[in-house]
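Q: Could you walk me through this structure, taking it slowly?

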Amino acid sequence: MPNIAGRLNIGDQAPPITVEDIHGQPLDPAQYWAKGPTLMSFLRHFG
Amino acid sequence: MELHHAELQNVGLQLLAVGLGEAKHAERYCGKLAPSLTCFAATTNDPYYSWGLHQATMTDMRTHGFDILKASAKAVLNGQTQGAATGDTAMLTGTFIVDQKGIVRYAYYGKYVGDDPAFDVLVKEAELLKKTN
C-alpha cells in the first residue's frame, strides 16, 4: 500500500517534494515559493 | 490553466504544473500545449502522495460517472485532445495556492477525473492573498 499523506488544509506548510525539471534535473518546487505566490497544479499526466 | 494564464498571472501567481511522466514529457507538454506554465515531471507517484493526492477508486468512478463525461465533453469543446497519456491515468488532480512562506492558502482536491476548480475562484483567492500581504 502506498504511503498517502493526509489532505493539506489551509495554513499547512507545503510538503517538500522532489520532481524533475524539463532537463531532468531534480528539484523541489519550494524554491519558487519565495519568488511569489504560486499556483501549484498536480496534473493527472502529460498528454 | 493555460487557457486562463493571463488572468492568473495578472493577479500575481506563478504557474507551476507537476505531471506524472518523464522530463521529456514535461518539456513536450509545456513547450507545445502550455507554454505559460513551468512544468515538472514526477517520475513516481510519491510527490502526489505527499500532498495527499491518490488514485480514483472504483467507487469514485461510479459516483462521478456523469461528471467525468461532462468534464470530457468540456475539454473537447475547449479544443483539448487526449494524446498518449503518461504516468498513472487514475491519479486524481490537485490545485493549490502556496504563499511566499510556503503556506498553503488554497487547496482543491479533484473528486473525479477532470475535476478542476473554476479559474475565477483561483483569481479571487489570489486577489485575497495579495490584499493580505
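**Charged pairs and the chain contact**

A: We can start with E22(B), which is partly exposed, with a relative accessible area of 41%; here buried means under 20% relative accessible area, exposed over 50%, and partly exposed in between, using a 1.4 Å probe and protein chains only. This is a predicted model, in which local features need pLDDT of at least 70, side-chain atom pairs count only at pLDDT 80 or more, and totals for chains, interfaces and linings use all residues, while side-chain values use heavy atoms and leave out hydrogens and water. Residues are numbered from 1 along each chain as its sequence is written, and chains are lettered from A and ligands numbered from 1 in the order in which they are written.

Q: OK, and which residue forms a salt bridge with E22(B)?
A: That is K24(B), with the closest N and O atoms 3.9 Å apart, where a salt bridge is a side-chain nitrogen of Lys or Arg within 4 Å of a carboxyl oxygen of Asp or Glu. K24(B) is partly exposed, with a relative accessible area of 49%.

Q: How many salt bridges does the structure hold over all chains?
A: There are three over all chains. Another one joins the side chains of D99(B) and R105(B), at 2.8 Å from N to O; D99(B) is buried at 3% relative accessible area, whereas R105(B) is partly exposed at 30%. K111(B) also forms a salt bridge, with D115(B), and the closest N and O atoms there are 3.4 Å apart. Of that pair, K111(B) counts as partly exposed at 42%, and D115(B) is buried at 5%.

Q: How many salt bridges cross the interface of chain B and chain A?
A: The rule finds zero across that interface. There are, however, 23 residue pairs in polar contact between chain B and chain A, with both residues at pLDDT 80 or more. A polar contact is a pair of N or O atoms within 3.5 Å; within protein, one must be able to donate a hydrogen and the other to accept it, and residues adjacent in sequence count only if both atoms are side-chain atoms.

Q: What area do the two chains bury between them?
A: Chain B and chain A bury about 4600 Å² between them, 64% of it on carbon and sulfur atoms; buried area is the accessible area (1.4 Å probe) that two parts lose on being put together, summed over both. In chain B, Q14(B), L16(B) and W51(B) lose the most area to chain A, together 15% of what that side buries. The contact, meaning heavy atoms within 4.5 Å, takes 59 residues from chain B and 40 residues from chain A.

Q: Which strands join up between the chains?
A: Strand β3 of chain A, residues 38–42, runs antiparallel to β3(B), and five bridges join them. Helices (H or I, at least four residues) and strands (E, at least two) are DSSP runs, numbered from the N terminus, and two strands pair if DSSP finds at least two bridges between them. Within β3(B), V98(B) is the bridge partner of T38(A).

Q: And T95(B), is that buried or exposed?
A: T95(B), which lies in strand β3 of chain B, is buried, with a relative accessible area of 6%. Not counting residues up to four places away in sequence, T95(B) touches residues of both chains, including L39(A), M40(A), S41(A), Y106(B) and L122(B).

Q: What about the secondary structure of chain A?
A: Chain A has one helix and three strands, and from the N terminus on its elements run β-β-α-β. Of the 47 residues in chain A, 45% are buried.
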